Amino acid sequence: MRRFRIRKDEGCISCLRCARECSFGAIEAGEDRTLVFHHEKCTDCQRCVSCCPAGAIFITEDGNRFRHGSVFTDDDIREILLQAETGGVLLSSMGASGKDIPIYFDRLLLNASQVTNPSIDPLREPMETAVFLGRRPEGIQRDSEGRIVDNLPPHLELRTPIMFSAMSYGAISLNVHKALAAAAEELGTYWNTGEGGLHESLYPFKGSTIVQVASGRFGVHETYLNTAAAIEIKIGQGAKPGIGGHLTGKKIIGDVSKTRMVPEGLDAISPAPHHDIYSIEDLAQLVMSIKEATHHEKPVIVKVAAVHNIAPIASGIARSGADIISIDGYRGGTGAAPKRIRDNVGIPIELAIASVDQRLREERIRDRVSVIASGGIRNSADAVKAIALGADAVSIGTAALCALGCHVCASCHTGRCAWGLATQDPQLTGRLDPEKGAARLINLVNAWTREIKEIMGGMGINSIEALRGNRMALRGAGLNEKELEILGIGYAGE
Amino acid sequence: MKEIDIRKDGLEAVRKQSGGDVAVTGCLGERYIGCGMKDGILRIKGTPGNALASYLDGGTVLVDGNVQDAAADTMNDGLLAVRGSAGDALAYGMRGGRVYVLGDAGYRAGVHMKAYGDRKGILVIGGRSGSFLGEYLAGGTIIVLGLGYEGRDITGYFCGNGMYAGTIYLRTGKAPLNLSDKLIRRAVGEDEEEQVIRPIVEDFASVFSIPAASCLEGGFIAIEADSSKSYSQLYAAV
C-alpha cells in the first residue's frame, strides 16, 4: 500500500546515511553507492529527512490517488484491500485520526484583561503554577487545645500543571522511561510507568514516579507499589476504551520480561475488564487495598477513558475513595490499538472534562478529587483551556514523545520506530540519549509553563488554582448551542 | 503468641505487626487484614472480610473459618491457608506463593494467575470451584480436588477460558462444563502425578493435617491452552 514517495534531489552526496537510518526498509543502499527506494514501506517518519546532511531527501504524499467523488475515500479502499488480503483486524497506533470530529480546543478562545482588572506581567510579578492533586480536607479540625490538626490527605505536589502520561516499558523503550523520569524529577512533576512495571534502575526516581496497576497486574508487587509517589489504577485508555492491552511475546524479551515479570516470549494480556471490579464498591475495595498496602501514604488515581456518561462514572469514582481521576480523551495516543476502536470509540476530552467538572460541582464533591485531563494536549494553550474547563492538571504523552523525536507517523505497533522510542530493538533504542532526551523534555515543559504564565497574566489571573474551572475565561467560536451548553461557556462576543 | 482482638484494637494493631506469630481474634468482616504483609504468621479467628492477604509478599496467613472476596489478590509470595471456603475472585493475578483452601471457592478463582522466574503461583481448592476458574491463566498451577464431590462437577462454567499458559489439574474424570475448544483436556500420567501433583497435594494435606492419600485417590485430568489455537487476534498493520 504505497502512501508516500521518497525523493532526492541533486544535492545528494551519496553518503547513504538515509539508508542506515531507515528502520522500515524503505531506503536501501544499492550497488555503487546508489539508493534504492521501496516507497511502499515508507511510513513518513521523517528520520531520513532529519538526518540527511545535505538536505537532499524529502518525503511527499504519493501523487497517485484513487478515483475521487465517491463516499469511499482512498483510505477506505486501501483498508478494504488490506483486509481482503489478510483477514486481519486493522491495527494502528497514536491518537484517533477521526478528521470530522471537532478539536474543541481550536474553537475555544481565551480572555485577556483590558482597562479594568489589569493584566499581570509574569516577568515582574509572582505567578503561581504549583498544583496540588488529591482530596481536600473536608474542614478544619482542631484538637482540645485549639490547635489545628493536620488532616491533609496524601497528595501530589506539582510545580507545573503538566505531567507525563502513562506509557509502558515494552510499548516504549527503557531510554524513554529514563528520560521521562529524569525530566519529571527536575521539573517537579510526575511521570507514569504505564502497566509494564518499573525497571529497577529507575527506583531512585521514586518521588517523581506514578506506578500503574492494570487488569493483568504485570510487574505489580508490594515493593513496586511503594516505589512511587502515587498509584494509578488503569480502567481505560482514550485510544481504546473498552479494549485491553496485548503485548505480544515477541516484545517480551530481556529486561521487558524481567520488569513485567512475564516469561520471555509469552504474550502479556491485560483485558479491558478487571475481573475483580464489577461495581463502584469493588473499585473502592481495590483503591483501599492499595492504600492499605502503601500505608495510606500515597494518593490513588483511577484512570478512565472519556466515554458517554463520563460524568456519572466520574462521580462514582469520586465516591470510591480515589484521590485523583485521570480522564483520557478520544484523541489519546497508544502504542497499538485496533483502528476502528481508536477512531470510533470515546469522546473528546474537552467535552468530558467540562461535564465531569460540572457534575462534581453540582454534587458538591468536586473537592473530594482532583481531575487530570489527557488525550490530545498539543501545546500550552490546550493545557490552559483544559484547566479552564475544569481540570486540575493535564498530562502529555504524544507531545512528550515528539520532544524526543517522534514525528507521529503512527507506526508504533510495528516495533520499528526509527527514532528509537516505540521499539525494543537495541540498534534503534540507542538512538535516544536519555540525558539529552530529558533536557529536551525539560525545555518543552519549561517553555509551556512560561507560556501558561503569560496567558494567565494576560487574563489577570495569577495562579492555576484561580484558573481551574474558570469558564468565564473561555468563549466559543463555531460551536452550536448544545456544545456551548456542555462546555459551559458563552459564545465569542457574549 | 501475641493476640490482637481486632474489634477492640482495630486493623491498625494488625498493620503494626511485622514478623512474629500473632493471633487475630474476633474477626467479623474486617477488610484488608494482612494486606502487603512480608513476613510472620497471622492466625485469623472468625471471618475476615474482603481483600484478606492481598499483595501478600511473604509470611503465612492461616484462617480457621471462611474468607470472603478478593483474598490473596496480586499475591507475590507466602502462604494463605483457609480451613473453610473462599468467596469470589480468590488469588486474582497471583504470581507466587501458595493459596490453599480446604473448602470451596466462589466465582473467578485464580484469574490471571501467572509465574515468573522462581515464582510460581500455586492454588489448591479442596472442594469445588465456581465458574470462571483460572480465566486468562498466564502461568502457575491450579489444583481442584473436589473432596466430597466425587462423581459430580467440581468446576463451574467457563473453566480456563482465555488461558494461555499454566495448568489446571482437576481430580475427576469428567470434562469441565462447556470447556472452550481453545483448551486441551488430557489425562494426567503417573509420572506427572507423582512429580507435579503429589508434592503440592502432600503439602496441602499437611497444612490442614488431613491424610494426603484421600486427596490423591482416583485420577486427575489437566486443562491447558491449545498452543495451536492462539487467543491473539489476527492483525493487519495499517
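Student: What makes Arg15(B) and Glu292(A) a salt bridge?

Tutor: In this predicted model, their closest N and O atoms are 2.5 Å apart. The rule asks for a side-chain nitrogen of Lys or Arg within 4 Å of a carboxyl oxygen of Asp or Glu. The pair Arg15(B) and Glu292(A) is therefore called a salt bridge.

Student: How many salt bridges are there between chain A and chain B?

Tutor: The count is three. Polar contacts are tallied under their own rule, which finds 17 residue pairs across the interface.

Student: Which elements of chain A supply the side that touches chain B?

Tutor: Helix 3, strand 5, helix 5, helix 6, strand 14 and helix 7 of chain A each supply at least two residues. Helix 7 of chain A gives the most, with eight residues.

Student: How many residues of each class does that side of chain A have?

Tutor: It has 20 nonpolar, 17 polar and eight charged residues.

Student: How many residues does the contact take from each chain?

Tutor: Chain A gives 45 residues and chain B gives 40. Contact here means heavy atoms within 4.5 Å.

Student: What area do the two chains bury between them?

Tutor: About 3,600 Å², with 61% of it on carbon and sulfur atoms. His275(A), Gln285(A) and Glu292(A) supply 19% of the area that chain A buries against chain B, more than any other three residues. Glu292(A) is also the salt-bridge partner of Arg15(B).

Student: How do you know that strand 5 of chain A and strand 14 of chain B pair?

Tutor: Count the bridges. Pairing needs at least two. These strands have three, in the parallel sense. So they count as paired. Leu91(A) has Ala237(B) as bridge partner, and Val89(A) has Tyr235(B).

Student: What makes strand 17 of chain A a partner of strand 5 of chain A?

Tutor: They share two bridges, in the antiparallel sense. The rule asks for at least two, so the pair qualifies. Leu91(A) stands opposite Pro338(A), and Ser92(A) has Ala337(A) as bridge partner.

Student: Why is the pairing in the sheet 17(A)-5(A)-14(B) called mixed?

Tutor: Strand 5 of chain A pairs in the parallel sense with strand 14 of chain B and in the antiparallel sense with strand 17 of chain A. The three strands form an open sheet.

Student: Why do strand 17 of chain A and strand 14 of chain B stand at the edges?

Tutor: Each has a single partner strand, so one side of each is left without a neighbour in the sheet.

Student: What packs on the sheet?

Tutor: Helix 3 of chain A does, touching strand 5 of chain A and strand 14 of chain B. Its direction makes about 120 degrees with that of strand 5 of chain A.

Notes:
Residues are numbered from 1 along each chain as its sequence is written. Chains are lettered from A and ligands numbered from 1 in the order in which they are written. This is a predicted model: local features need pLDDT of at least 70, side-chain atom pairs count only at pLDDT 80 or more; totals for chains, interfaces and linings use all residues. Side-chain values use heavy atoms; hydrogens and water are left out. Helices (H or I, at least four residues) and strands (E, at least two) are DSSP runs, numbered from the N terminus. Buried area is the accessible area (1.4 Å probe) that two parts lose on being put together, summed over both. A polar contact is a pair of N or O atoms within 3.5 Å; within protein, one must be able to donate a hydrogen and the other to accept it, and residues adjacent in sequence count only if both atoms are side-chain atoms. Ala, Val, Leu, Ile, Met, Phe, Trp, Tyr, Cys and Pro count as nonpolar, Asp, Glu, Lys and Arg as charged, and the others, Gly among them, as polar. Axes are lines fitted to C-alpha atoms, for helices over the stretch in contact, and angles run from 0 to 180 degrees between N-to-C directions.
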